[in-house]
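Subject: A structure for you to explore

Hello,

Here is the structure I promised to pass on. Have a look at it first, and then read my notes underneath.

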Amino acid sequence: MEPQAEFRPFDVFHPACPSRQAFDHIFSRWGMLTLLRLSEGPMRFGALSRAVGGISEKMLAQTLTVLVEEGMVSRQEWDEKPPRVEYSLTEAGQRIAGSLGGVIRELYEDLEQRYRK
């Protein structure tokens, strides 16, 4: 019988921590903006592309693929003609997007105070 690996808590500051890859994917500029837009509700690719200003279709496709792999976004495909695909947040994605929304609100408040002076 092989010995069980000891569980170690995740430590994003350690270079070998598996959370680093997830952190890099989810908290990239496009990852965060995509999560925030999807927090408004499910969207099709074209609508999401228009809603995330400045993102190319190629980058959006890559971002969605990574967010699906990380378990933040789900991809629903219907067998219709033309094909219909819709993206939405998973429970984990909803929690992360909610936290990101709080960070954005704090940033807006700080910016408003700085620019009012």
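Let's begin with one residue, S49. Leaving aside residues up to four places away in sequence, S49 touches I55, E57 and L60. You can find S49 in helix α3, which covers residues 45–51. Is S49 buried or exposed? With a relative accessibility of 15%, S49 counts as buried, because buried means under 20% relative accessible area.

Before going further, please keep in mind that this is a predicted model.

Now for the overall layout. The protein has five helices and three strands. If you follow the sequence from start to end, the pattern reads α-α-β-α-α-β-β-α. As you trace the chain on screen, try ticking off each element against that pattern.

What about the overall dimensions? The C-alpha trace spans about 55 × 55 × 25 Å along its principal axes. The radius of gyration of the protein is 18 Å, whereas a compact globule of 117 residues would have one near 13 Å. Of the 117 residues, 26% count as buried. The accessible surface comes to about 8,900 Å², and carbon and sulfur atoms account for 53% of that surface.

You may also wonder how much of the contact network joins residues that are far along the chain from each other. Taking contacts between residues at least 6 apart in sequence, 43% join residues at least 24 apart.

Next, the charges. The protein carries 15 positive and 17 negative side chains. The centres of these two sets lie 7 Å apart.

Some charged side chains also pair up. How many salt bridges does the structure hold? There are five, and here are three for you to look up:

- E40 and R37: their side chains meet in a salt bridge, at 2.8 Å from N to O. E40 is exposed, with a relative accessible area of 58%, while R37 counts as partly exposed at 30%.
- E80 and R84: the closest N and O atoms of this salt bridge are 3.4 Å apart. E80 is partly exposed, with a relative accessible area of 36%, and R84 also counts as partly exposed, at 24% relative accessibility.
- R114 and D110: the side chains of this pair form a salt bridge at 3.1 Å, N to O. R114 is partly exposed at 49% relative accessible area, and D110 is partly exposed at 34%.

Why does R114 count as partly exposed? Its relative accessible area is 49%, and exposed means over 50%, so R114 falls in the class between buried and exposed.

Where do R114 and D110 sit? Both lie in helix α5, which runs over residues 91–116. They are four residues apart, about one turn of the helix. Try turning the view until you can see both side chains.

One last stop, at a proline. The peptide bond from K81 to P82 is cis, with omega near -5 degrees. P82 lies in the loop between β2 (73–78) and β3 (84–89).

If you would like a route through the model, start at S49 in helix α3, go on to P82 in the loop between β2 and β3, and finish with R114 and D110 in helix α5.

Enjoy exploring, and write back with any questions.

Best wishes

Methods:
Residues are numbered from 1 along each chain as its sequence is written. This is a predicted model: local features need pLDDT of at least 70, side-chain atom pairs count only at pLDDT 80 or more; totals for chains, interfaces and linings use all residues. Side-chain values use heavy atoms; hydrogens and water are left out. A salt bridge is a side-chain nitrogen of Lys or Arg within 4 Å of a carboxyl oxygen of Asp or Glu. Buried means under 20% relative accessible area, exposed over 50%, partly exposed in between (1.4 Å probe, protein chains only). Helices (H or I, at least four residues) and strands (E, at least two) are DSSP runs, numbered from the N terminus. The radius of gyration is taken over C-alpha atoms; the globule rule is 2.2 Å times the number of residues to the power 0.38. Contact means heavy atoms within 4.5 Å. Accessible areas come from the Shrake-Rupley method with a 1.4 Å probe; for residues, only the protein chains shown count as cover. Lys and Arg count as positive and Asp and Glu as negative; His and the chain ends are not counted. The place of a charge is taken as NZ of Lys, CZ of Arg, CG of Asp or CD of Glu.
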